[in-house]
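This is a walk through one protein chain, going from single contacts to the fold as a whole. Keep the sequence and the 3D view open while reading.

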Amino acid sequence: MDVWSVVNNKGIEHLEMIVMDSLGDRIQVLIRHDHLLKWKEVIKENMTCIINNGSVYNNDFQWKVCDHSKKIVFLGGTTMKAIELQNIPPKEYFFKDFGEILQVKCKTDRLEDIIGAVSEINHIQSNTPGKKVVVSVVLKDLK
């Protein structure tokens, strides 16, 4: 469904993605830096494939992008074969209502899809070596 690159504070890059099965169940996937070159140009969003020999672990990511309790980690022996499958549902967004967020009716370790616009920037923490830029914003509900 989605694939993105993550660079840690030491400059080491890895890939993360969300995969979905024919039932619509989603799970987060990690491709470590030592396997990055093998997969970076192969994996594309919205492709259908069969993945073999990934390792399954508890989802201990600091920020989760889906509710599945497990994650898949690609290993040296992981293989992937592109295949045309007709029964995979289209990509969906699971937008979280602003009211639910304001009432804390959401998981605090989960990244949520929202529809909104930045209406104000409160604070920008300047970029210092080895640190990420932190921006505090006010969002306007566009629903």
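Tyrosine 57 has lysine 71 in E6 as its bridge partner. The model in which this pairing appears is a predicted one. The strands E5 and E6 run antiparallel to each other and are joined by four bridges.

Lysine 71 also takes part in a side-chain contact: its side chain forms a salt bridge with that of aspartate 60, at 2.5 Å from N to O. Lysine 71 belongs to strand E6 and aspartate 60 to the loop between E5 and E6, so the contact ties together parts that are eleven residues apart in sequence. The two partners do not have the same surroundings. Lysine 71 has a relative accessible area of 9% and is therefore buried, the cut-off for that class being under 20%. Aspartate 60 has 58% relative accessibility and is therefore exposed, since that class begins over 50%.

Strands E5 and E6 belong to an open sheet of five strands, in the order E1-E2-E3-E6-E5 and with mixed pairing. Strand E1 (2-7) and strand E5 (55-58) are the edge strands, each pairing on one side only. From one strand to the next, the twist averages 30 degrees.

At the E1 edge, E1 and strand E2 (residues 13-20) run antiparallel and are joined by six bridges. Within this pairing, valine 3 stands opposite methionine 17 in E2. The two strands form a hairpin with five residues between them, and glycine 11 in the turn has a positive phi of about 80 degrees.

A positive phi also occurs at a residue that is not a glycine: asparagine 53, with a value of about 65 degrees. Asparagine 53 sits in the loop between strand E4 (49-52) and E5. Its relative accessible area is 55%, which places asparagine 53 among the exposed residues.

How many salt bridges does a search of the whole structure find? The search finds three, and the contact between lysine 71 and aspartate 60 described above is one of them. Another joins the side chains of glutamate 13 and lysine 40, at 2.7 Å from N to O. Glutamate 13 lies in strand E2, while lysine 40 lies in the loop between H1 and E4, so this salt bridge ties together parts that are 27 residues apart in sequence. Glutamate 13 is partly exposed at 22% relative accessibility, and lysine 40 is partly exposed as well, at 34% relative accessible area. A further salt bridge is formed by the side chains of arginine 32 and aspartate 34, at 2.9 Å from N to O. Arginine 32 counts as partly exposed at 32% relative accessibility, and aspartate 34 is partly exposed with a relative accessible area of 45%.

The next contact is between aromatic rings. Such a pair is described by the distance of the centres and the angle of the planes. The count here comes to one aromatic pair, formed by tryptophan 39 and phenylalanine 74, with 5.0 Å centre to centre and 80 degrees between the planes. The arrangement is called edge-to-face because the angle is over 60 degrees. Tryptophan 39 is in helix H1 (residues 36-39) and phenylalanine 74 in strand E6 (residues 70-74), so the pair links distant parts of the chain, 35 residues apart. Both tryptophan 39 and phenylalanine 74 are buried.

On the surface, a nonpolar patch has about 640 Å² of accessible area in total, and its members are Ile101, Ile114, Val118, Ile121, Ile124, Val135, Val137 and Leu139. Strand E8 (116-125) and strand E9 (134-141) are the elements that give two or more residues to the patch. Isoleucine 114 is in the loop between helix H2 (98-102) and E8. With a relative accessible area of 32%, isoleucine 114 is partly exposed.

Finally, the chain as a whole. It contains two helices and nine strands, and from the N terminus on these elements run β-β-β-α-β-β-β-β-α-β-β. Of the 143 residues in the chain, 23% are buried. The C-alpha trace spans about 45 × 40 × 25 Å along its principal axes.

Note on methods: Residues are numbered from 1 along each chain as its sequence is written. This is a predicted model: local features need pLDDT of at least 70, side-chain atom pairs count only at pLDDT 80 or more; totals for chains, interfaces and linings use all residues. Side-chain values use heavy atoms; hydrogens and water are left out. Rings of Phe, Tyr and Trp (its six-membered ring) pair if their centres lie within 6.5 Å; planes under 30 degrees apart count as stacked, over 60 as edge-to-face and the rest as tilted. Buried means under 20% relative accessible area, exposed over 50%, partly exposed in between (1.4 Å probe, protein chains only). Two strands pair if DSSP finds at least two bridges between them. Axes are lines fitted to C-alpha atoms, for helices over the stretch in contact, and angles run from 0 to 180 degrees between N-to-C directions. Patches are made of residues with over 30% relative accessible area and no salt bridge: like charges are joined within 9 Å, nonpolar side chains (Val, Leu, Ile, Met, Phe, Trp, Tyr) within 5 Å. Accessible areas come from the Shrake-Rupley method with a 1.4 Å probe; for residues, only the protein chains shown count as cover. A salt bridge is a side-chain nitrogen of Lys or Arg within 4 Å of a carboxyl oxygen of Asp or Glu.
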